[in-house]
Amino acid sequence: MPPVRVLIDEATLAARIRDLAAELRRRAPEPPYPCMVLEGARPFARELCRALALDPEACDRVRLSSYADGTESSGKVRLLEAPRGDLRGRRVVVLEDIVDTGRSMAFLRPRLEALGAASVEVWTLLDKPSRRVVDVRLDGVGFEIPDRFVVGFGLDLGGRFRDLPYVGVVDGGEAAAALARPGAGA
Ligand code: IMP
Ligand code: MG
């Protein structure tokens, strides 16, 4: 296993997610309809729902594929799993682990709007603004981070490190290889 350096520890994550929950409540009077992006946003969604006193089981979900034809530059995103619930008239709050190029969220927002959502907000735990390729509006950001490949708290590197309770940076060439690999992360 390559070494992982802690970037954001557990207590800092927990405190910031509580802040985001409070901000989400303040932002609009409508109750949020949370919808997480599988797989990586699970821990974020669980903690945020808990802070909002919502049942984490009631959190809807979507699954996206990244870059179906195998080249990151093509940027083709597909919806592999649609939300299960009825979005019509709801204040849909998308919960994402990290916004990188912006392609996934730029793709998802109009699709959820097309399902009849009254509004679609994107709340992401992490944001790497320096990597943005597509302009996308973010309604809530937990932490802005530099252009480093991060793992833990739901984020993986080839299926590993998802269960770490903190967000960390993988040292060494392995992270660079992962970034070069098409469709890495989900
Ligand atoms: P996008 O480039 O903004 O469309 O982000 C697509 C997805 O890539 C994110 O939702 C993550 O699942 C994944 N991703 C981007 N950066 C990282 C990272 O540093 N670690 C793990 N996954 C990442
Ligand atoms: Mg994601």
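**Notebook: fold, ligand 1 and the magnesium ion**

I counted the secondary structure before anything else: the protein has 4 helices and 9 strands. This is a predicted model, and I read every value below as computed from it. Walking from the N terminus, I wrote down the order of elements as β-α-β-α-β-β-β-α-β-β-β-β-α.

Next I looked up the overall figures. The protein has 186 residues, and 46% of them are buried. I put its accessible surface at about 8800 Å². Carbon and sulfur atoms hold 51% of that surface. I then checked how far apart in sequence the contacting residues are. Taking contacts with a separation of 6 or more, I found that 66% join residues 24 or more positions apart.

**Ligand 1**

How many residues surround ligand 1? I found 18, and the closest are Asp100, Thr101, Gly102, Ser104 and Val150. I sorted the shell by residue class and got 7 nonpolar, 4 polar and 7 charged.

I went through polar contacts to oxygen atoms of ligand 1. A polar side-chain atom of Glu96 is 2.9 Å from one such oxygen. For Asp100 the partner is a backbone N or O atom, at 2.8 Å from an oxygen of the ligand. Gly102 also uses a polar backbone atom, which lies 2.8 Å from an oxygen of ligand 1. I then looked up the cover: ligand 1 taken alone exposes 490 Å², and the protein buries 96% of this area.

Which elements give two or more residues to the shell around ligand 1? I noted β5 (91–99) and α3 (103–114). Of the elements, β5 gives the most, with 4 residues.

**Magnesium ion**

I turned to ligand 2, the magnesium ion, and listed its protein donors. They are Glu96 through OE and Asp97 through OD, at 2.3 to 2.6 Å from the ion. I noted Glu96 twice, as a donor to the magnesium ion and as a polar contact of ligand 1.

Are these two donor residues buried or exposed? I checked each against the cut-off for buried, which is under 20% relative accessible area. Glu96 has a relative accessible area of 6%, so I entered it as buried. Asp97 also comes out at 6%, and therefore I entered Asp97 as buried too.

Notes
Residues are numbered from 1 along each chain as its sequence is written. Chains are lettered from A and ligands numbered from 1 in the order in which they are written. This is a predicted model: local features need pLDDT of at least 70, side-chain atom pairs count only at pLDDT 80 or more; totals for chains, interfaces and linings use all residues. Side-chain values use heavy atoms; hydrogens and water are left out. Donors are N, O and S atoms within 2.8 Å of the metal (3.2 Å for Na, K and Ca); water is not among the atoms, so sites may look incomplete. Buried means under 20% relative accessible area, exposed over 50%, partly exposed in between (1.4 Å probe, protein chains only). A residue is near a molecule or strand if one of its heavy atoms lies within 4 Å of it. A polar contact is a pair of N or O atoms within 3.5 Å; within protein, one must be able to donate a hydrogen and the other to accept it, and residues adjacent in sequence count only if both atoms are side-chain atoms. Accessible areas come from the Shrake-Rupley method with a 1.4 Å probe; for residues, only the protein chains shown count as cover. Ala, Val, Leu, Ile, Met, Phe, Trp, Tyr, Cys and Pro count as nonpolar, Asp, Glu, Lys and Arg as charged, and the others, Gly among them, as polar. Contact means heavy atoms within 4.5 Å.
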